[in-house]
Amino acid sequence: MFKKVLIANRGEIALRVIRACRDLGLRSVAVHSTADADALHVRFADEKVCIGPPPSRQSYLNIPALISAAEVTGADAIHPGYGFLAENAEFAEVVQKCGLTWIGPQPHVMRTMGDKVSARQAMEAAGVPVVPGTPIIETDRQAEEAIERIGLPVIIKATGGGGGRGMKIVDEPRRLLTQLAAARSEAQAGFNNPAVYLERYIGRPRHIEVQVLGDGQSAIALGERECSIQRRHQKLIEEAPSVALDDARRVELLRAARKATAAIGYRTVGTLEFLLDENKQFFFIEMNTRIQVEHTVTEAVFGVDLVREQMRLAAGDPLHLPAEMRPRGHAIELRINAEDPVTFAPSPGTITALNLPGGIGIRVDTHIYAHYRVPPFYDSLLAKLIAHGDNRNVALARVRRALDEVVVEGIKTNCDLHRRVLSHPDFIGGRFDTHFLERL
Ligand code: MV4
């Protein structure tokens with residue numbers, strides 16, 4: 001197995017990976033921009049390397065600087081965390097060509113799944129339900145034929161997009177061609193790839209994702225996460241399991257996810273994203289080939305250290321978890337962000353006073369500390385507050401109690417927004433979809 005892991009990331013996920021390294025007896029190397037010299041991941045790692053100035057392009061996205069940092073420290077593996085270069089197949093390839101272990105999927109799998117049309121094809125071939133849709137649309141005629149077959153409304157998506165960027169909804173035939181042209185030019189500008197395709201638009205879906213692990217031979221599905229509470233494609237609250245699935249539907253969903261993961265020869269941890277429509281039909285939309293922010297709710301209910309599993313799989317170990325694991329109880333995660341409660345704009349600055357919650361059933365993953373200065377250059381996630389209990393009501397009571405113990409002074413946070421959601425009868429009753437926050 002590799003002995004020294006360079007973490008190509010910052011913030012809470014860098015700490016999360018450093019902790020897994022410690023638990024496994026591996027050495028860790030932190031990289032940081034000049035803005036992060038005082039960051040906790042830098043202090044907690046065994047070694048540190050400054051890789052550039054504050055902007056991500058020149059530091060956390062700077063491939064030559066990252067590879068050099070691995071070289072000078074003698075790191076023999078790289079963990080990308082989430083965001084930054086985590087789903088960049090070129091980076092994964094460079095890492096491997098330099099003789100380092102990439103703690104992630106094979107680059108060709110990252111490429112297939114990073115392209116939404118080839119991902120749909122791969123999933124369809126594996127027998128997973130995908131939203132009725134098209135291959136890449138080349139001509140206006142193809143788009144017109146597609147809406148005759150699929151019906152309206154449809155959604156135009158960029159095959160190089162993802163995470164909700166660059167999508168257009170068409171609900172009238174006369175808007176089809178102008179929206180198509182607009183989508184193409186936005187896709188070209190945003191992803192350097194003008195290719196777009198169509199899907200039937202599902203109006204009020206739930207967003208449910210399945211945690212999967214594979215060793216190249218076999219695969220397992222470690223339950224689902226309900227991720228519908230989001231705003232502008234930024235998740236705010238995630239929970240496991242989802243209240244929307246009955247046992248029969250869950251078995252179907254997890255079986256499809258496990259089969260697909262094995263079919264693509266997947267060899268790490270990952271997530272299959274699905275939309276659940278009003279008839280409780282599920283449809284694959286995207287695969288995330290990385291560890292996710294919300295992996296913690298799965299860890300809580302399954303008692304599995306997913307980052308540890310990810311590292312063991314990267315070292316070539318076979319899957320050792322039982323094929324059929326059952327979740328214990330319920331877990332809810334709140335993402336505490338540094339943001340203005342009215343404008344939702346990021347709110348960087350110095351934390352003048354801090355109290356983090358604790359007690360039974362509570363986990364807090366965070367990189368912040370009293371007097372820490374939240375830099376303006378990176379995403380606004382401050383902390384993840386995860387509550388676990390025997391059932392959803394216990395987890396809800398615990399997460400509310402923990403939220404009331406949170407003190408973050410000096411910067412603005414979304415704690416009040418969380419309070420509003422957690423006291424809303426429809427959230428408490430499990431009656432919500434991806435549009436819940438717009439109506440709040
Ligand atoms: C959709 C959809 C409705 N119908 N696809 C947004 C993020 C990206 N992963 C896919 N997204 C959507 N795809 C079809 N055919 C609605 C969304 C969507 C959404 C999905 C998950 C979570 C939040 C969302 C918010 C708005 C739109």
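**Exercise 1. How much area do domain 1 and domain 3 bury between them, and what share of it is on carbon and sulfur atoms?**

Before we start: this is a predicted model, where local features need pLDDT of at least 70, side-chain atom pairs count only at pLDDT 80 or more, and totals for chains, interfaces and linings use all residues. Residues are numbered from 1 along each chain as its sequence is written, and side-chain values use heavy atoms, with hydrogens and water left out.

Step 1. Find the parts. An automatic or database domain assignment gives domain 1 (4-103), domain 2 (132-200) and domain 3 (206-439).

Step 2. Place the pair. The C-alpha centres of domain 1 and domain 3 are 23 Å apart. In contact (heavy atoms within 4.5 Å) are 33 residues of domain 1 and 28 residues of domain 3.

Step 3. Read off the area. Buried area is the accessible area (1.4 Å probe) that two parts lose on being put together, summed over both. For domain 1 and domain 3 that comes to about 2400 Å², with 60% of it on carbon and sulfur atoms.

Step 4. See who pays. On the domain 1 side, Glu12, Arg16 and Tyr82 lose the most area to domain 3, together 26% of what that side buries.

**Exercise 2. Work out which polar links cross from domain 1 to domain 3, and which element of domain 1 gives the most to that side.**

Step 1. Look for salt bridges, meaning a side-chain nitrogen of Lys or Arg within 4 Å of a carboxyl oxygen of Asp or Glu. Four of them cross this interface.

Step 2. Check a pair: glutamate 299 and arginine 16 form a salt bridge, with their closest N and O atoms 2.6 Å apart.

Step 3. Widen the net to polar contacts. These are pairs of N or O atoms within 3.5 Å; within protein, one must be able to donate a hydrogen and the other to accept it, and residues adjacent in sequence count only if both atoms are side-chain atoms. Between the two domains, 13 residue pairs qualify (both at pLDDT 80 or more).

Step 4. Sort by element, using DSSP runs numbered from the N terminus (helices: H or I, at least four residues; strands: E, at least two). On the domain 1 side, α1 (11-24), α2 (40-44) and β5 (101-102) each give two or more residues, and α1 gives the most, with 10.

**Exercise 3. Are glutamate 199 and arginine 120 buried or exposed? Then compare their salt bridge with two others.**

Step 1. Set the scale: buried is under 20% relative accessible area, exposed is over 50%, and partly exposed is in between (1.4 Å probe, protein chains only).

Step 2. Take the pair in question. Glutamate 199 and arginine 120 meet in a salt bridge at 3.1 Å, N to O. Glutamate 199 sits in strand β8 (residues 196-200) and arginine 120 in helix α6 (residues 116-125), 79 residues apart. Glutamate 199 is buried at 1%, and arginine 120 is buried at 6%.

Step 3. Now aspartate 46 and arginine 22, which meet at 2.5 Å, N to O. Aspartate 46 lies in the loop between α2 and β3 (47-52) and arginine 22 in helix α1, so the pair ties together parts 24 residues apart in sequence. Aspartate 46 is partly exposed at 29%, and arginine 22 is partly exposed at 46%.

Step 4. Finish with lysine 235 and glutamate 294, whose closest N and O atoms are 2.7 Å apart. Both residues are buried. Shared partners join Glu209, Arg225, Lys235, Glu238, Glu294 and Arg335 into one salt-bridge network.
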